[in-house]
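Subject: Structure handover

Hello,

Here is the structure I said I would pass on. Please look it over before reading the notes underneath.

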Amino acid sequence: MLIQLPRSSDCKLSDVTPESLYLSRRRMLGGAMAGLALGALPAVGRAADAARYPEVEPGKPAGWFTDKLAATRWQAVTVKDEAITPFRDATHYNNFYEFGPGKGDPADNAGSLLTEPWRLVIDGEVDKPGNYALEDFVKPYQLEERIYRLRCVEAWSMVIPWLGFPLADILKRVQPTSKARYVRFETLRDPEHMPGQRSGFALIDWPYIEGLRLDEAMNPLTLMAVGMYGRELPNQNGAPLRLVVPWKYGFKSIKSIVRMSLVAEQPKTTWQGLAPEEYGFYANVNPQVDHPRWTQARERRLPSGLFSPNVRDTLMFNGYAEQVSGLYAGLDLRKNY
């Protein structure tokens with residue numbers, strides 16, 4: 001489990017502009033200007049949602065989520081001088097092609113997704129494979145709130161408070177064999193409830209596949225998320241279980257996961273297979289390596305508008321270089337993009 005002591009340079013949630021101020025002014029304020037507290041003391045259970053994110057409707061969580069929320073480690077990881085993206089933006093502007101190609105399609109269409117019951121298979125090169133009901137799978141792990149930057153390959157970005165647990169804890173539990181070098185992830189294939197899978201958009205061969213090197217998967221930052229903004233994951237954000245890899249472009253953070261396989265060979269991932277010259281296997285955020293059709297040196301932080309575009313420079317590894325650059329020592333990041 002990641003144990004990170006707060007540094008003097010780290011912002012607290014009380015330093016972050018609340019969503020209500022965003023919605024009234026529609027522009028970002030610097031961390032130094034954000035002085036409205038959303039709840040200085042840890043809260044318990046569903047009260048935590050109201051204290052920390054009062055603008056967020058709590059939804060109707062599964063019983064296992066409510067039980068886990070009471071013992072959540074709040075603000076386990078934060079970011080410096082960053083304001084949290086309003087919940088409305090984070091849940092109504094995203095890519096989830098299983099529900100359509102438009103940014104608003106996931107919010108419009110994901111209500112049809114059935115997340116109960118949900119099962120997760122862990123197999124391949126592991127000593128302890130399993131087929132788990134979701135509530136049994138999450139039972140051993142304490143939830144942590146981690147406020148991470150999210151950078152899309154399309155050059156827009158957000159800051160999101162996730163709820164989850166380190167992927168490393170799961171991998172240690174299932175015990176990879178000496179042959180395991182990668183983790184292959186697979187999302188749900190359900191054309192009946194995922195209309196985008198019926199459309200043939202971009203010639204995607206469903207289900208969606210992603211992968212990480214084993215050492216990337218074991219990095220303390222890599223998170224399996226079951227919630228965001230103090231509540232369970234909305235369907236359009238990858239309910240009930242998604243990956244979050246904050247130093248990589250967002251398409252690596254696969255949603256609605258039903259299978260994790262430990263494998264010896266690098267998995268063939270969806271976007272790499274469709275356009276390898278645009279979407280490499282590593283997909284590390286790198287402002288020095290442009291996308292063939294646009295620069296990656298800058299990004300548009302949401303919310304953003306015509307008269308307040310909120311454009312900023314992109315940070316190497318999305319600002320997480322201190323924690324992850326050692327994973328790529330000696331690797332040509334222009335070739336291995």
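The notes below cover a pocket, a helix and a single residue.

This is a predicted model, in which local features need pLDDT of at least 70 and side-chain atom pairs count only at pLDDT 80 or more, while totals for chains, interfaces and linings use all residues. Residues are numbered from 1 along each chain as its sequence is written, and side-chain values use heavy atoms, with hydrogens and water left out.

Helix α7 covers residues 167-174, and 6 of its 8 residues are buried (under 20% relative accessible area, with a 1.4 Å probe and protein chains only). Helices here are DSSP runs of H or I with at least four residues, strands are runs of E with at least two, and both are numbered from the N terminus. The buried residues of α7 are L167, A168, D169, I170, L171 and V174. After α7 comes Q175, which has a positive phi near 60°.

A239 sits in the loop that runs between β9 (231-232) and β10 (242-244). A239 is also buried, at a relative accessible area of 3%. Neighbours within four places in sequence aside, A239 is in contact (heavy atoms within 4.5 Å) with L113, T115, W118, L233, P234 and S256. G227 is 12 residues away from A239 along the chain, and their C-alpha atoms are 8.1 Å apart.

As for the pocket, strand β5 (residues 156-166) gives the most to the lining of the largest pocket, namely 4 residues. A pocket is an open set of points on a 1 Å grid over the protein atoms alone, where a 1.4 Å probe fits and protein lies on both sides within 12 Å along at least five of seven lines; lining residues have an atom within 4 Å of a point.

Regards

Methods: Buried < 20%, exposed > 50% of the residue type's maximum accessible area, 1.4 Å probe, protein only.
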